[in-house]
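Trainee: Got a minute? I'd like to go through this one with you.
Mentor: Sure, pull it up and ask away.

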Amino acid sequence: MHLFLMIGLVAFSILAVLSRDLLRSAISLAVASVFLALIFFRMNAVYAGVFEVSVVAGLITVLFITAIALTRSEGGVTESKRHLFIFPLFFAALAVIDLLVMKKLLGRIPAMVSSESGTFGQVLWNQRTFDLVGQIGVIFAGVLAVLALFRPGRSHTGDAPLAGGQSDAKGDHHE
Amino acid sequence: MIFLFIIVPLLLASLLPLLGKISKRFLPDLLASATMLFLLVLSVLWAKPLIASGGVIQQAFWFGAPLNIRLLLDGFSLFMLFTISLISFAVTLYSINYMEHYGAKANYYALLLVMIAGMNGLVLCSDLFNIYLFLEVAAVASYALVAFGQGPDELEASFKYLMLSAVASAFILLSIAIIFGLTGGVSFGTVAQGLTTLNIKYVVGFCSALFLAGFGLKAAIVPFHSWLPDAHPSAPAPISAMLSGVLIKVSGVYAMMRVFLNVFGMTPALTTVLTVLGVVSIFVGALAALGQNDIKRMLAYSSISQIGYVVLGFGIGTPLGIIGGLFHLFNHALFKSLLFLNAGAVEQSTGTRSLDKMGGLAKRMPLTAATSAVGSLAIAGIPPLNGFWSKLLIIIALVQAKMYVLAVLAVLGSVVTLWYYLVLQHQAFFGKLNENWQAVREAPFWMSAATVLLALLCIVTGLVFPFVIHSWLQPAADVLGKGITVAMNFIGF
């Protein structure tokens, strides 16, 4: 059962990366996330599973699909097909490394004797309080980033925001 | 009180978007600069005496009730806090004039303050997972700041930075997960103790490789550097100064050295890898900088090269090497911020970053030209400026450690640095004034004030370097020199 879930997770993750259609890619990611959540449930990490299903498979997929629906009409960009060859190559290399290293590595991991035990809420509020400050910081940075990047104003059609002279160095530094 | 370093910038960042509605410029300018000055004074006058007898762990309180937040302040973290506060102060002063034409100043300062809170949190935490978390706080803010100009180049550079940074985070998180599985904890003390009792050097080696790739990407050491030459030039000049001057050092070098020296313990293999990567970075960065025509891109490649010196110094692992690495880290923060701020002043006055099109600007921008000359000579290692002493210390440490080839290569790298900075000075500021720039004027007051402050610090740090080493670098080097005993001492707190 575990192996089946792992294969499902990897297969749908690959599909999400390789798919040419954004919508299909987003849905594949959601399915991969459901597989991951099932693995979490089976490993007794109930909270991780719940978050995985509700946030990643649910909320984020909705956001992705909404965004795709809003931008679909444009399209027409031709992408390089190199990733179709390079990705499987890297994947195979990683799988080999995984087979050689991980089994030995996981065998070394002793039974969990965590200093941080207790219910989920206790761990989060009482033991990992500083993490909460960090999480607030990350969410904050995200909100401010959206406010800053989607602000009205500066138009970049002419790319000449600066006083005097012509802005010409920006375009010529991409090899 | 130590918690103030994190909570003050975070609180102000939460208020700024609202205050920006009341006052678009004055209040955000004033509050951001005042906050940075406050943190700078706090680090010098209050935090410095606190560590007189070694590191302290301080518990945070919320309205009298103790919180389970323990912050580690020792010589190394204080040194980083001071560096962050100093450069941030100069950058906020500079932003008063420079960010005028970008608009949304309150949002800009809010993001900058979140980035600073993230960096302060990273240097004050005593736990691997907190390192990851605060790394992300600083990183998410920095992605937005790189793209702040909203232009296609900025967005592309930010996206590239975001993608590679996500890979770095994945490496770091995987390594932390393995360590947690092995030791049952993530605090420095538990991990250090767990790894010594378990005696599993191959697994530690694997985790070290993951950390090296993750933090190496953040620090932009070769071969993990490809994002930096896009991201740093695309950002607004003060952000380029923050990223090159401080962020790559905090989220890359600081985190890597804290983990390798104080938690894992340095091994001969790590010494070899770090010294080799350091020297390779020095040359790849310097040779790539030599071929650049875009002034900010040249400075970005130069950052890769100079980070190479810092990593080389730490990699030697001897007390003198560590002091050299720390000193070069501080010096690079000063002169690279100065040079990026100057490049921003030139770009704002002329509208170009292309060195070909500049020329003779010293006649129109004497202050910018003079401070840029100080920065260039300092980074090239010309005595008696600060860069000379830090490079000298690293080279002496290499000779003492009998790494003669690396010492010669470090000297050669410095020669190449001098070469491309002379090219920069010559093409931008000296020679005949390009007729397009007849109407160009010197940078506004606050921009000049920030660059003059940093240039003076480059000179003063060079002149009083024994004092700097004694009062700021030695306590930091002592912490790193003590190895994993530092982490072990904090078990049970």
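Trainee: Which residue in the hairpin of strand 1 and strand 2 of chain B takes a positive phi?
Mentor: That's Phe63(B), with phi near 50°. The hairpin has two residues between its strands. Keep in mind that this is a predicted model.

Trainee: Okay, and how do those two strands pair?
Mentor: Antiparallel, over six bridges, with strand 1 covering residues 56–62 of chain B and strand 2 covering residues 65–73. Trp62(B) sits opposite Ala65(B).

Trainee: How many helices does chain B have?
Mentor: There are 19, along with two strands. The radius of gyration of chain B is 21 Å and the globule rule gives 23 Å for 493 residues, so the chain is as compact as a globular protein of that length.

Trainee: What does the C-alpha trace of chain B span along its principal axes?
Mentor: About 70 × 60 × 40 Å. Buried residues account for 63% of the chain's 493.

Trainee: And the contacts, what share joins residues at least 24 apart?
Mentor: In chain B it's 80%, counting contacts between residues at least 6 apart in sequence.

Trainee: Switching to the inside: which residues have the most contacts within the largest nonpolar core?
Mentor: Leu111(B) and Val114(B), in a core of 211 residues. Helix 10 of chain B, residues 237–264, gives the largest share of this core, with 19 residues. A second core of nine residues lies apart from it, and includes Phe12(A), Leu29(A), Phe35(A) and Ala57(A).

Trainee: What does Val114(B) touch?
Mentor: Leaving out residues up to four places away in sequence, Val114(B) touches residues of both chains. On chain A they are Gly137(A), Phe140(A), Ala141(A) and Leu144(A). On chain B they are Leu10(B), Ala13(B), Val137(B) and Ala141(B).

Trainee: Now chain A. Where are its domains?
Mentor: The domain assignment gives domain 1 as 1–72 and domain 2 as 119–151. Their C-alpha centres lie 23 Å apart.

Trainee: What's the mean pLDDT of chain A?
Mentor: It's 74, and 68% of the residues in chain A reach 70 or more. Among the elements of chain A, helix 2 (residues 22–42) has the highest mean at 90, while helix 4 (residues 82–108) has the lowest at 71.

Trainee: Where does pLDDT stay under 50 in chain A?
Mentor: Over residues 156–175. The model does have 40 contacts beyond four places in sequence for that stretch. Where pLDDT is low, though, predicted coordinates shouldn't be read in detail.

Notes
Residues numbered from 1 in each chain as written. Chains lettered and ligands numbered in written order. Predicted model: local features only at pLDDT ≥ 70, side-chain atom pairs only at ≥ 80, totals over all residues. Pairing = 2+ DSSP bridges. Helix = DSSP H or I, 4+ residues; strand = E, 2+ residues; numbered from the N terminus. Rg over C-alpha atoms; globule rule 2.2 N^0.38 Å. Buried ≥ 20, exposed ≤ 12 C-beta atoms within 10 Å, placed from the backbone. Contact = placed C-beta atoms within 7 Å. Core = buried A, V, L, I, M, F, W, Y, C linked by C-beta atoms within 7 Å. Domains from an automatic or database assignment. pLDDT = per-residue confidence, 0-100.
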